[in-house]
Amino acid sequence: MKYNFRLTSEVLMKTNNLILLVVLIVFQSIMNAQTVKTGTTAAQVLKIGVGGRATAMGGAYTAVADDITSMYWNPGGLASLKSNEAYFNHALLYADIGFDYASFASNIEGFGTLGASVTVLSVDEMPVRTIERPQGTGEFFDVGSMVIGLSYARYLTDNFSIGFNAKYIREFIYNMSSTGFAVDVGTIYRIPILNELRIAASISNFGTKMRLEGRDAIVITRSGAGGDNLINSHLELDEFDLPLLFRFGLSSDIIKHNDSRLTLAVDAVHPNDHTEYINSGAEFAWNESVFIRAGWNALFERDSEKGLTLGIGFNYRLANYITFIFDYAYEDYGRLTEVHFFSAGIKF
């Protein structure tokens, strides 16, 4: 992909160095400002990875991102799309929590790549219980989350891409709900050594605080001599930050022949609500049609239940311009049980 930029090679190099310097400064500021506040952020759905490929590689995807799931891991990788792509992801998490993700992206020549995504976290209806009626009142309530995202990415040079993602977030439980907005920013820089060494960084979920509001925050009390006066009081609940994540990743195709490829990747992740950790993963591809993947998630994270990840994938070319994608991933959650991710997509 080439653009008609009127820049000398010296100016181009200085531009790339400046962008990388800004990313490093932002990273250092976040590292200095954040403290460990376990369990004090809202919208935990934002921390659940999408895509069978990325999940099977242990979440080490910041510098690998070159498909539609880049919108979650690193929007800068979305610039690598050369056509249209639709993708769907489903998983049944621990405690019967359903997780679904759907996305669409399109490359517009000379402009960049545009994308949209929807993430839904759902739980089956549960009975309303009270102290007086512990077996249930006959009512049921829902719990869930939804994230809607819009993305844009493009190459600034032949080797450097940048992307942005804007998100609307909503969580609800019974008669209460909370909304928020966030942005993601990501970059990938490709160096033509070691069959292309990729250096990447992304900042995810930088946005507003979230606070639950609704009918259940209204308390009715009685006053007066006979208790005939009803007073409505509104409880103002605390507001919470979003789970801010900074990712820095490296990846390289250490083996790359005509019909085979072996990619290794590693990510360093700094969250604002827990300890830092490392994700690592590998992918072996045969003829870019059959894939075997493995990884390790959340290495060095304090009290982590995550660990081994495995997966396979298949790309089937139906016609010259249509390719079907299927990915499966297994992730070990320790005492919480294992989780199976199923993903399917189409390129056209």
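**Exercise 1. The nonpolar core**

How many residues does the largest nonpolar core have, and which of them have the most contacts inside it? Work from the predicted model, and then trace the core back to the secondary structure.

*Solution.* Begin with the size: the largest nonpolar core has 44 residues. Within this core, the residues with the most contacts are Leu 46, Tyr 61, Leu 93, Phe 99, Leu 121, Ile 169 and Leu 242. Next, assign the core to elements: those that give it two or more residues include helices H2 (52–56) and H3 (70–73), together with strands such as S1 (84–92), S2 (97–108), S6 (143–155) and S8 (176–191). Towards the end of the chain, strand S18 (322–331) and strand S19 (339–347) also belong to this list. The largest share, four residues, comes from S2. As a last step, take Leu 93 as one of the residues with the most contacts inside the core: once its neighbours within four places in sequence are left aside, Leu 93 is in contact with Ile 48, Phe 99, Leu 121, Val 339 and Phe 341. As background, nonpolar side chains in soluble globular proteins tend to be buried together.

**Exercise 2. Strand pairing around S1 and S2**

Determine in which sense S1 and S2 pair, and follow the pairing outward to S3 and S19.

*Solution.* Start with S1 and S2, which pair in the antiparallel sense over nine bridges. Two positions fix the register: Asn 89 stands opposite Tyr 101 in S2, and the bridge partner of Ala 91 in S2 is Phe 99. The hairpin of these two strands has four residues between them, and here Ala 95 takes a positive phi near 60 degrees.

Then move to S2 and strand S3 (residues 112–123), whose antiparallel pairing runs over 12 bridges. Ser 103 has Ser 117 in S3 as its bridge partner. Three residues separate the strands in this hairpin, where Gly 110 takes a positive phi near 85 degrees.

Finally, consider S1 again: S1 and S19 pair in the antiparallel sense over seven bridges, and Phe 88 finds its bridge partner in S19 at Ala 344.

**Exercise 3. Ser 70: buried or exposed?**

Decide whether Ser 70 counts as buried or exposed, and describe its surroundings.

*Solution.* First place the residue: Ser 70 lies in helix H3. Then apply the cut-off, by which buried means under 20% relative accessible area; because its relative accessibility is 0%, Ser 70 counts as buried. Not counting residues up to four places away in sequence, Ser 70 touches Ala 65, Pro 75, Gly 77 and Leu 78.

**Exercise 4. Empty space**

Locate the largest pocket and the largest cavity, and name the elements that line each of them.

*Solution.* A probe the size of a water molecule, rolled over the atoms, shows where empty space is left. Take the pocket first: the largest one has a volume of about 1,100 Å³ and is lined by 37 residues, with Arg 53, Asp 66, Glu 288, Asn 315 and Lys 347 lying nearest its centre. At least two lining residues each are supplied by S1, strand S13 (245–256), strand S14 (260–271), strand S16 (290–299), strand S17 (308–319) and S18. Of these contributions, the largest share, four residues, comes from S18.

Turn now to enclosed space: the structure holds two cavities of 30 Å³ or more, and about 140 Å³ of space lies in the largest cavity. This cavity is lined by 15 residues, the closest to its centre being Tyr 72, Tyr 101, Thr 119, Val 147 and Lys 167. The elements that give its lining two or more residues are H3, S2, S3, S6 and strand S7 (160–173).

**Exercise 5. Confidence and the chain as a whole**

Summarise the chain, and identify stretches where the pLDDT is below 50.

*Solution.* The chain has three helices and 19 strands, and buried residues make up 42% of its 348 residues. Among contacts with a separation of 6 or more, residues 24 or more positions apart account for 55%. As for confidence, the mean pLDDT of the chain is 88, and 87% of its residues reach 70 or more. Over residues 1–9 the pLDDT is below 50, and this stretch has 12 contacts in the model beyond near neighbours in sequence. Over residues 29–35 the pLDDT is likewise below 50, with nine contacts in the model beyond near neighbours in sequence.

Definitions and conventions
Residues numbered from 1 in each chain as written. Predicted model: local features only at pLDDT ≥ 70, side-chain atom pairs only at ≥ 80, totals over all residues. Heavy atoms only, no water. Core = buried A, V, L, I, M, F, W, Y, C linked by side-chain atoms within 4.5 Å. Buried < 20%, exposed > 50% of the residue type's maximum accessible area, 1.4 Å probe, protein only. Contact = heavy atoms within 4.5 Å. pLDDT = per-residue confidence, 0-100. Pairing = 2+ DSSP bridges. 1 Å grid on protein atoms, 1.4 Å probe; cavity = no way out; pocket = protein on both sides within 12 Å on 5 of 7 lines; lining within 4 Å. Points joined across faces, edges and corners; volume = space filled by probe spheres on them.
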